[in-house]
Amino acid sequence: WEIGLPLDLSDLALVDEQAGLASVRTRFEHVILGLPVYGSEVSVNQSLDGSVAALYSNYRALTPGSPVATVSQASAEAVAWAAAGVFSTRHPTAAELVWYPSPDGNARLAWKLDVYSAAPLGDFLTLVDAHSGKILLQENRINFVDGSGLTYIPNPVQTSANTALTDNADAASAALDAERVSVTLQGL
């Protein structure tokens with residue numbers, strides 16, 4: 001059964017193993033020259049008798065480029081900040097060197113940066129080529145969606161022109177409910 005993994009599994013590093021009542025899940029990350037390959041992992045689900053129930057893998061053989069970064073971490077961070085338009089941060093940026101797989105089967109050395117921006121708000125995952133300083137990937141991991149809610153604009157006494165309205169002892173009130181309007185709640 002061909003699954004594309006090397007027989008000695010020397011370029012897989014154990015990430016974690018979780019045992020349940022009926023199975024064990026073991027996760028590995030793909031490493032080259034001691035550095036992780038971005039987004040490359042193998043997950044094996046086994047029954048308690050050791051038989052493989054499921055295997056997930058996006059592993060593929062890669063040829064690494066130069067393992068020595070010529071772009072400093074500070075320079076890579078400046079590139080990531082500029083690309084995301086960061087003015088201020090909520091937490092320090094986390095950085096590590098990784099291999100970035102190219103479609104041609106090569107792996108490029110890259111800085112993987114997690115930029116926790118306050119302005120604009122975002123958790124920007126950024127990969128910067130550790131030789132050219134170019135952005136390979138950038139995405140905001142915070143999802144923003146619009147919702148809706150009911151409110152008074154500006155208040156029920158003004159919109160109804162009824163000065164006798166009361167809060168009904170914090171209980172529902174048909175008169176008050178009728179004065180609410182639906183508004184869009186942006187950026188939730």
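**Exercise 1. Locate Asn168 in this predicted model and decide how exposed Asn168 is.**

Step 1. Find the segment. Asn168 sits in the loop between helix 2 and helix 3 (174–177).

Step 2. Check the backbone. Asn168 is not a glycine, yet its phi is positive, at about 60°. Most residues other than glycine have a negative phi.

Step 3. Classify the exposure. Partly exposed covers the range between under 20% (buried) and over 50% (exposed). Asn168 has 36% relative accessibility, so Asn168 counts as partly exposed.

**Exercise 2. Treat Asp170 in the manner of Exercise 1: is Asp170 buried or exposed?**

Step 1. Asp170 belongs to the loop between helix 2 and helix 3.

Step 2. Its phi is near 65°, a positive value in a residue other than glycine.

Step 3. The cut-off for exposed is over 50%. Asp170 has a relative accessibility of 72%, so Asp170 counts as exposed.

**Exercise 3. Find the peptide bonds before Pro120 and Pro154, and place each proline.**

Step 1. Recall the background. Most peptide bonds are trans.

Step 2. Take Pro120. The bond joining Ala119 and Pro120 is cis, with omega about -5°. Pro120 lies in the loop that runs between strand 8 (106–119) and strand 9 (122–129).

Step 3. Take Pro154. From Ile153 to Pro154 the peptide bond is cis, and omega is near -10°. The loop holding Pro154 links strand 11 (147–151) and helix 2 (156–160).

**Exercise 4. Describe the overall build of the protein: how many helices and strands are there, and how spread out is the protein?**

Step 1. Count the elements. The protein has three helices and 12 strands.

Step 2. Compare the radius of gyration with the globule rule. The value is 26 Å, well over the 16 Å that the rule gives for 188 residues, so the protein is more spread out than a compact globule.

Step 3. Look at the box. Along the principal axes, the C-alpha atoms fill roughly 80 × 50 × 25 Å.

Step 4. Look at burial and surface. Of the 188 residues, 26% count as buried. The exposed area is about 11,400 Å², and carbon and sulfur atoms supply 55% of it.

Step 5. Look at sequence separation. Take contacts between residues at least 6 apart in sequence: 49% of them join residues at least 24 apart.

**Exercise 5. Map the largest nonpolar core: which residues touch the most other members?**

Step 1. Recall the general rule. In soluble globular proteins, nonpolar side chains tend to be buried together.

Step 2. Name the central members. The largest core has 17 residues, and Ile32, Ala76, Trp99, Trp111, Leu113 and Val115 touch the most other members.

Step 3. Trace the sources. Helix 1 (73–84), strand 8 and strand 9 each supply at least two residues of this core. Strand 8 gives the most, with five residues.

Step 4. Set the second core apart. This separate core has five residues, including Leu5, Leu12, Val44 and Tyr59.

Step 5. Zoom in on Val115. Beyond its neighbours within four places in sequence, Val115 contacts Ala80, Trp81, Val86, Thr93, Gly122, Asp123 and Phe124.

**Exercise 6. Place Phe144 and list its contacts beyond four places in sequence.**

Step 1. Phe144 is in the loop between strand 10 (135–140) and strand 11.

Step 2. Its relative accessible area is 41%, so Phe144 is partly exposed.

Step 3. Leaving aside neighbours within four places in sequence, Phe144 touches Leu121, Gly187 and Leu188.

Step 4. Phe144 and Gln186 are 42 residues apart along the chain, and their C-alpha atoms are separated by 8.0 Å.

Terms used. Residues numbered from 1 in each chain as written. Predicted model: local features only at pLDDT ≥ 70, side-chain atom pairs only at ≥ 80, totals over all residues. Heavy atoms only, no water. Rg over C-alpha atoms; globule rule 2.2 N^0.38 Å. Buried < 20%, exposed > 50% of the residue type's maximum accessible area, 1.4 Å probe, protein only. Contact = heavy atoms within 4.5 Å. Areas by Shrake-Rupley, 256 points an atom, 1.4 Å probe, with all protein chains shown as cover. Core = buried A, V, L, I, M, F, W, Y, C linked by side-chain atoms within 4.5 Å.
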